[in-house]
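User: I would like to learn how to read the features of a structure such as this one, beginning with how its parts are defined and how they pack.

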Amino acid sequence: MAEVGIPLWSIPIAATCSVGYVAVCGRDFSFLGQFTISLVATLVALVAFALSGMVQFGEAAVGAVIAAAFLGYYVYDLAALLTRRRLGEELSAVVDLYRDVLNFLTYSFRVVQHWRNFRI
């Protein structure tokens with residue numbers, strides 16, 4: 001995707017802003033706050049890159065959409081993990097995090113296979 005000009009470099013910026021929020025917030029953690037503040041910080045960084053001439057404004061705008069989609073999925077999935085796992089199940093939660101990404105990519109194949117098996 002990066003070879004055709006899709007600015008995937010905005011994802012590490014969004015992830016860094018998200019981790020920065022976690023490091024700063026302490027006991028006042030909020031998933032909505034993580035999404036909002038991380039997205040605003042990412043947008044500020046992308047606008048700064050565009051104003052400095054490092055990227056074009058169109059590329060920064062596409063990067064902002066990609067970063068927002070990444071943050072939305074990332075923060076939602078972390079919040080969902082807290083409802084599925086309890087204290088002491090940290091290893092299972094990490095496995096769930098990676099399994100969720102794999103399920104996101106392979107779910108459509110499983111649906112088609114189900115349809116074929118049951119002739120739906």
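Analyst: Contact means heavy atoms within 4.5 Å, and helices are DSSP runs (H or I, at least four residues), numbered from the N terminus. This is a predicted model, in which local features need pLDDT of at least 70 and side-chain atom pairs count only at pLDDT 80 or more, while totals for chains, interfaces and linings use all residues. Residues are numbered from 1 along each chain as its sequence is written, and side-chain values use heavy atoms, with hydrogens and water left out.

User: What is the mean pLDDT of the protein, and which elements have the lowest and the highest mean?

Analyst: pLDDT is the predictor's confidence in each residue, from 0 to 100. The mean for the protein is 87, with 96% of its residues reaching 70 or more; among the elements, helix 4 has the lowest mean (81) and helix 2 the highest (96).

User: Which residues of helix 2 are buried, and against which helices do they pack?

Analyst: Buried means under 20% relative accessible area, exposed over 50%, and partly exposed in between (1.4 Å probe, protein chains only). In helix 2 the buried residues are Gly33, Gln34, Ser38, Leu39, Thr42, Leu46 and Ala50, and the buried residues of this helix pack against helix 1 and helix 3.

User: How is the length of a helix checked, and what should helix 2 and helix 3 span?

Analyst: The expected span is 1.5 Å times one less than the number of residues. The 22 residues of helix 2 should therefore span 32 Å, and its end C-alpha atoms, 31 Å apart, agree with this. For helix 3 (residues 57-84), with 28 residues, the expected span is 40 Å, and the end C-alpha atoms are 40 Å apart, which agrees.

User: Which helices do the buried residues of helix 3 pack against, and is Val62 buried or exposed?

Analyst: The buried residues of helix 3, among them Ala60, Gly63, Leu71 and Asp77, pack against helix 1 (10-25), helix 2 (31-52) and helix 4 (90-118). Val62, also found in helix 3, falls between those two classes and counts as partly exposed because its relative accessible area is 40%. Val62 and Ser10 are 52 residues apart in sequence, yet their C-alpha atoms are 9.1 Å apart in space.

User: How many aromatic pairs are there?

Analyst: Rings of Phe, Tyr and Trp (its six-membered ring) pair if their centres lie within 6.5 Å; planes under 30 degrees apart count as stacked, over 60 as edge-to-face and the rest as tilted. By this rule there are 4 aromatic pairs. One of them joins Trp9 and Phe49 edge-to-face, at 6.2 Å centre to centre with 65° between the planes. That pair links distant parts of the chain, with Trp9 in the segment before helix 1 and Phe49 in helix 2, 40 residues apart. Phe29 and Phe31 also form an edge-to-face pair, at 4.9 Å and 90°, and together with Tyr21 they make up one aromatic cluster.

User: What lines the largest pocket?

Analyst: Rolling a probe the size of a water molecule over the atoms shows where empty space is left. On a 1 Å grid over the protein atoms alone, using a 1.4 Å probe, a pocket is an open set of points with protein on both sides within 12 Å along at least five of seven lines, and lining residues have an atom within 4 Å of a point. The largest pocket is lined by 14 residues, of which Ile11, Phe70, Tyr73, Tyr74 and Val101 lie nearest its centre. Helix 3 and helix 4 are the elements that give two or more residues to this lining, and the largest share, 6 residues, comes from helix 3.
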